[in-house]
Amino acid sequence: FHCAAVCPVEAISHDQLGAAALPLPTDDSLLSKFQRRRAIRRFKPDTPDRAAIRAALDGAAYGPSAKNDRAYQWTVVLGKDTVDRLYQIYLNWARSIPELRVLVWLARRGVNPVTCGAPCLVLVHCPDGCANPHSDSVIAATLAEQLLADAGLGTCWGGYFQRAVDLCPDLAQALSIPEGHKVYAALMVGIPDEHYPRIPYRPEASIRWVE
């Protein structure tokens, strides 16, 4: 429903749901903020405000963490030139991975699903031996993403990049990821160059009640 949510003239609707399933936001409630969040893959080249990023990452610390450990740490790559340099390191590595060579092929055609041309990357990583590193890191990244969106910044989860950091030594070295740390999430961040005015349809939750 991305295409319907982004269309400014309601040219797209669902045969069974109709245009009513794609309403405009009507309030500033927490639910409405969740509904308005979109995965942004087109960014302006401007470097996002450092203070806005810090505020979001500081705010993420109020999320739950196993044993209140909060052992996760953040690495922020700021500036499009730096992100693009890391992207080239990624492509050099991907050439040797058969299942990733399609990304090299796409790069030659100007298509970049790895960093989407974002001017900022936010990575969250944890040292070995934490109580619950994966869940803690993903919870923190999720809260940070919502806070970044609330500050007017666009985000998209960067799975290609996140997985590569643990497999490509050159990338980990360029990022100065501490030894013994694993990267659990990566967010592309920047000023959005696309706008989704409508709330896309989502089905009701599938729930089993046990009483």
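**Entry 1: Lys67**

I started with Lys67, which sits in the loop between helix H3 (50-60) and S1. I kept in mind that this is a predicted model. What is the sign of phi at Lys67? Phi is positive there, about 55°, although Lys67 is not a glycine. I noted the general background: most residues other than glycine have a negative phi. Next I asked whether Lys67 is buried or exposed. Lys67 is exposed, and its relative accessible area is 76%.

**Entry 2: Cys116**

I then went to Cys116. Its place is the loop between helix H5 (101-108) and S2. Cys116 is not a glycine, yet its phi is positive at about 55°. Its relative accessibility is 14%. Buried means under 20%, so Cys116 counts as buried.

**Entry 3: The sheet**

I followed the strands next. How are the four strands of the open sheet ordered? I read the order as S1-S2-S4-S3, and the pairing is antiparallel. Strand S1 (73-78) and S3 form the edges, since each pairs on one side only. I also looked up the turn between neighbouring strands of this sheet, and the average is 25°, direction ignored. As background, strands of a sheet pair through backbone hydrogen bonds.

I took the pairs one at a time. S1 and strand S2 (residues 120-127) run antiparallel, joined by six bridges. I picked out Leu78, whose bridge partner in S2 is Cys120. I also found Val76 standing opposite Val122 in S2.

Then I moved to the other pairing of S2. How many bridges link S2 and strand S4 (residues 181-190)? There are eight, again in the antiparallel sense. Leu123 stands opposite Ala186 in S4.

Why do I call S2 largely enclosed by the rest of the structure? Seven of its eight residues are buried, so the rest of the structure largely encloses S2.

**Entry 4: Cysteines**

I looked for disulfides and found zero in the structure. As a reminder, a disulfide is a covalent bond between the sulfur atoms of two cysteines. The cut-off I needed is that the two sulfur atoms lie within 2.5 Å.

Why does Cys126 form no such bond? The closest cysteine sulfur, in Cys130, is 4.0 Å from the sulfur of Cys126, and that is too far for a bond. Cys126 counts as buried, because its relative accessibility is 1%.

I checked Cys156 as well. Its sulfur has that of Cys116 as the closest cysteine sulfur, 5.4 Å away, so a bond is ruled out by distance. Cys156 is also buried, with a relative accessible area of 4%.

**Entry 5: Helix H2**

I looked up two residues here. Ser32 is placed in helix H2. Is Ser32 buried or exposed? Ser32 is buried, with a relative accessible area of 3%. I also checked Ser32 against Ile199: they are 167 residues apart in sequence, but 8.7 Å apart in space, C-alpha to C-alpha.

Phe34 lies in helix H2 too. Its relative accessibility is 45%, so I logged Phe34 as partly exposed. I then paired Phe34 with Thr155, 121 residues apart along the chain. Their C-alpha atoms are separated by 13 Å.

**Entry 6: The largest pocket**

I finished with the largest pocket. Its volume is about 390 Å³. How many residues line the largest pocket? I noted 20, and those nearest its centre are Arg36, Arg37, Arg38, Ala149 and His195.

Which elements each supply at least two residues of this lining? They are helix H2 (30-36), helix H6 (133-150) and strand S3 (154-157). H6 gives the most, with three residues. By class, I listed eight nonpolar, five polar and seven charged residues in the lining.

Key:
Residues are numbered from 1 along each chain as its sequence is written. This is a predicted model: local features need pLDDT of at least 70, side-chain atom pairs count only at pLDDT 80 or more; totals for chains, interfaces and linings use all residues. Side-chain values use heavy atoms; hydrogens and water are left out. On a 1 Å grid over the protein atoms alone, a cavity is a set of points where a 1.4 Å probe fits but cannot get out, and a pocket is an open set with protein on both sides within 12 Å along at least five of seven lines; lining residues have an atom within 4 Å of a point. Grid points are joined across faces, edges and corners, and a volume is the space filled by probe spheres set on the points. Ala, Val, Leu, Ile, Met, Phe, Trp, Tyr, Cys and Pro count as nonpolar, Asp, Glu, Lys and Arg as charged, and the others, Gly among them, as polar. Buried means under 20% relative accessible area, exposed over 50%, partly exposed in between (1.4 Å probe, protein chains only). Two strands pair if DSSP finds at least two bridges between them. Axes are lines fitted to C-alpha atoms, for helices over the stretch in contact, and angles run from 0 to 180 degrees between N-to-C directions.
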